[in-house]
Amino acid sequence: MNRKRKILHSTYTKSICLPPTAPKGCRDIYPGEATPKILKVETFEYVTFSDGIKRIYTNKDGSTEYGNVGILDPSSVSYINLFINGVLQPSVLYQVKKGVLILISQDVPNQNVPIILQFIKIYES
């Protein structure tokens, strides 16, 4: 038995692949230079606890027993992470402005659930 193989050809559209963007404050050194440099990193946290009702939190709602720095201006940091009950939240579920955290998810965290907003600042040493 002599079978012929059928070859399928497909066409595809090339996707444009953009280079990675540098963290804020590192535009001149990332990813450009071949010689690695050690970068400094600082982290800051805003900690509060849900009351089970509200979606908007301000600096006044922060818990002082955890060394709270308040809600920083997003343009002054490289990255922001939100943890609710210890679980990292996708950035589409919240908005951050200087002094304000807005939860835009459909549900509200249960009462006394910890809300931690982590700020990461990366800069040249």
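Where in the protein is the place of S63? S63 sits in the loop between β2 and β3, and this briefing starts there before moving on to the fold, the core, the pocket and a few individual residues. Please keep in mind that this is a predicted model. The protein has 0 helices and 7 strands, and 26% of its 125 residues count as buried.

**Overall fold**

- Read along the sequence, the strands give the pattern β-β-β-β-β-β-β.
- Among contacts with a separation of 6 or more, 66% are accounted for by residues 24 or more positions apart.

**The loop between β2 and β3: S63 and S78**

- S63 counts as buried because its relative accessible area is 10%, and the cut-off for buried is under 20%.
- Beyond its neighbours within four places in sequence, S63 is in contact with V47, T48, F49 and N68.
- S78 also belongs to the loop between β2 and β3.
- With a relative accessible area of 11%, S78 is buried.
- The side chain of S78 reaches the backbone nitrogen of I122 at 2.9 Å.
- S78 and E42 are 36 residues apart in sequence, while their C-alpha atoms are 9.9 Å apart in space.

**The loop between β1 and β2: S50**

- S50 lies in the loop that joins β1 (39–49) to β2 (56–58).
- Is S50 buried or exposed? S50 is buried, at a relative accessible area of 2%.
- A polar atom of the S50 side chain lies 2.9 Å from the backbone nitrogen of G52.
- A polar atom of the S50 side chain also lies 3.3 Å from the backbone oxygen of N110.
- Leaving aside neighbours within four places in sequence, the contacts of S50 are Y57, V108, P109, N110, Q111, N112, V113 and I115.

**The largest nonpolar core**

- This core has 14 residues, of which L82, L101, L103 and L117 touch the most other members.
- Which strands each supply at least two residues of this core? They are β3 (79–84), β5 (94–97), β6 (100–103) and β7 (114–124).
- The strand that gives the most to this core is β7, with 3 residues.
- L103, one of the residues touching the most other core members, has contacts outside its neighbours within four places in sequence with R55, Y57, L82, I84, L93, Y94, P109 and I115.

**The largest pocket**

- The volume of the largest pocket is about 160 Å³.
- Its lining is made up of L82, I84, N85, Q89, L93, Y94, L103, S105, D107, V108, P109 and V113.
- Sorted by class, that lining has 8 nonpolar, 3 polar and 1 charged residues.
- L82 and L103 appear in this lining, and both are also among the residues that touch the most other members of the largest nonpolar core.
- Another link is to S50, whose contacts include V108, P109 and V113; these three residues line the largest pocket.

**Residues with positive phi**

- As background for this group, most residues other than glycine have a negative phi.
- N85 has a phi near 55°, a positive value in a residue other than glycine.
- N85 is placed in the loop between β3 and β4.
- At a relative accessible area of 51%, N85 is exposed, because the cut-off for exposed is over 50%.
- N85 is also one of the residues lining the largest pocket.
- N112 has a phi near 70°, again a positive value in a residue other than glycine.
- N112 is found in the loop between β6 and β7.
- N112 is exposed, with a relative accessible area of 55%, and N112 is among the contacts of S50.

**Strand β4: V87**

- V87 has its place in strand β4, which covers residues 87–88.
- Its relative accessibility is 47%, so V87 counts as partly exposed.
- How far apart in sequence and in space are V87 and I116? They are 29 residues apart in sequence and 9.6 Å apart in space, C-alpha to C-alpha.

Notes. Residues numbered from 1 in each chain as written. Predicted model: local features only at pLDDT ≥ 70, side-chain atom pairs only at ≥ 80, totals over all residues. Heavy atoms only, no water. Core = buried A, V, L, I, M, F, W, Y, C linked by side-chain atoms within 4.5 Å. Buried < 20%, exposed > 50% of the residue type's maximum accessible area, 1.4 Å probe, protein only. Helix = DSSP H or I, 4+ residues; strand = E, 2+ residues; numbered from the N terminus. Contact = heavy atoms within 4.5 Å. Polar contact = N/O pair within 3.5 Å; in protein donor to acceptor, adjacent residues only side chain to side chain. 1 Å grid on protein atoms, 1.4 Å probe; cavity = no way out; pocket = protein on both sides within 12 Å on 5 of 7 lines; lining within 4 Å. Points joined across faces, edges and corners; volume = space filled by probe spheres on them. Nonpolar A, V, L, I, M, F, W, Y, C, P; charged D, E, K, R; others polar.
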